[in-house]
Amino acid sequence: MSYNAYITEETISGDGDTDGPLAGRTVAVKDNISTDGVRTTAGSAMLAEYVPPYDATVVERLKEAGATIPGKTNMDEFGMGTTTETSAFGPTENPAAEDHVPGGSSGGSAAAVAAGEADLALGSDTGGSVRCPAAFTGTVGIKPTYGLVSRYGLIAYANSLEQIGPIAPTVEEAAELLEVIAAPDENDATTRVAHQQIGGPEPEDMREYAFADAADGDVDGLEIGVPTELLDGADEDVVETFWDAIDELESQGASYHEVDLPSVEHAVEAYYVIAMSEASSNLARFDGVRYGPAPDYEGNWNEEYAKVREEGFGEEVKRRILLGTYALSAGYHDKYYKKAQDARAWVKQDFDDALEDADVLASPTMPVPPMERGESLDDPLTMYLADANTTPVNLANLPAISVPAGETSDGLPVGLQLIGPAFGERTIIRAGSALA
């Protein structure tokens, strides 16, 4: 069965080490990550024929590690969505739940792994876009600490929030892929700052940090904080499955206590104001001159630009550009964007406080099981609210992992999200490996 997981099925092989850590393995790549000479569309008609002249840093590292890229995976247009239904190339099916969405925006990457069409995959996570599809397809997804992985070559949606991360069948395999892609990059200043914060000399190869070695399943003595706010309003089956997973971790020697994160009540609103504002700026370049199909200049230039953008962008992208432009406009910047940034600082402080007394924080990855196809397309607000548990992590720039927690009574996958302190990837990998 075809799950429409790929936009471009063109095998890419590098001249890397035949004995490298990914030799003989296939790694699907989300279609907003640049690949030299291979079409990269970001799921948009605006870039339907765009062919980058260079590789993203993470793609270079895949090639050097001996990986084969079997193709570029489907995604919500420009990463804007939670279902992979806003793609200009059609929706992706969920191999783990027939007639349900695979999550988004990295739904194609997760579906490719879940269906066995690729050994591993790369996605990008702006507000949960790696963790959501991992939860909905029964796979593992890691959102790294901001700056751990280079964003060079990633088609930008919201620069201050997004990170490239791995999707895999198991925690250990996800950690192995993270070792390959995580390292300082001279083309991305945020990575230089981030790796300096880790301490010690900057490694040439992040395998020195041995992420995969941390996947030993040893959670004896692990202290888990459970934010009650991230359980409020969640589906009953999801909550029950979540507590079953916590019970399993307790049986292996972990313990838990409840924590308060009062700021998360405002996290979704703050996230969307910030993300849409950054998107309105980033997507201004798609005008038919710099990027996008060239218009026929027969009239007013502004009218021609507007025509290109009207025809090239989908409805969800246009909605977010309009809202972001409004939030940044004169007279409204302080009312919306500045307040959202203040809320972001509050969210980060709450997480830092909670992690002083806990090794990791745990919640359901998504408050609901996979939605039926078409269910949320006519109700954007419902789609936005589905990100309630994942967006706070991006606002705080922290690492998080989604691992399979079990299934609902209807057999739908449920993910457990584990959140760590900045650069606490080894801790969340260790905790997650006790379950997957």
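How many cavities of 30 Å³ or more does the structure hold? In this predicted model, the structure holds two of them, and the views below take each in turn before passing to the nonpolar cores.

**View 1. Lining of the largest cavity, which has a volume of about 80 Å³.** The residues that line this cavity include the glycines Gly 79, Gly 81, Gly 104, Gly 127 and Gly 128, together with Thr 82 and Ser 129. Tyr 157, Tyr 271, Tyr 272, Arg 320 and Asp 387 also belong to the lining, which divides into three nonpolar, seven polar and two charged residues.

**View 2. Lining of the second largest cavity, in which about 30 Å³ of space lies.** Ala 135, Phe 136, Val 238, Met 366, Val 368, Pro 369, Pro 413, Val 414 and Gly 415 form the lining. Two or more of these residues come from each of the elements α3 (131–137) and β13 (413–419), and β13 gives the most, with three residues. By class, the lining of the second largest cavity comprises eight nonpolar residues, one polar residue and no charged residue.

**View 3. Leu 62 in the largest nonpolar core, which has 57 residues.** Leu 62, Ile 181 and Leu 416 are the members that touch the most other members of this core, while helix α4 (residues 171–181) supplies its largest share, seven residues. When residues up to four places away in sequence are not counted, Leu 62 touches Leu 22, Val 27, Val 29, Ala 67, Ile 69, Leu 122, Leu 177, Val 180 and Ile 181.

**View 4. Another core, of 46 residues, lying apart from the largest nonpolar core.** Among the residues of this other core are Tyr 271, Leu 283, Ile 321 and Tyr 337; Tyr 271 is also one of the residues that line the largest cavity.

Conventions
Residues are numbered from 1 along each chain as its sequence is written. This is a predicted model: local features need pLDDT of at least 70, side-chain atom pairs count only at pLDDT 80 or more; totals for chains, interfaces and linings use all residues. Side-chain values use heavy atoms; hydrogens and water are left out. On a 1 Å grid over the protein atoms alone, a cavity is a set of points where a 1.4 Å probe fits but cannot get out, and a pocket is an open set with protein on both sides within 12 Å along at least five of seven lines; lining residues have an atom within 4 Å of a point. Grid points are joined across faces, edges and corners, and a volume is the space filled by probe spheres set on the points. Ala, Val, Leu, Ile, Met, Phe, Trp, Tyr, Cys and Pro count as nonpolar, Asp, Glu, Lys and Arg as charged, and the others, Gly among them, as polar. Helices (H or I, at least four residues) and strands (E, at least two) are DSSP runs, numbered from the N terminus. A nonpolar core is a set of buried Ala, Val, Leu, Ile, Met, Phe, Trp, Tyr and Cys residues joined through side-chain atoms within 4.5 Å. Buried means under 20% relative accessible area, exposed over 50%, partly exposed in between (1.4 Å probe, protein chains only). Contact means heavy atoms within 4.5 Å.
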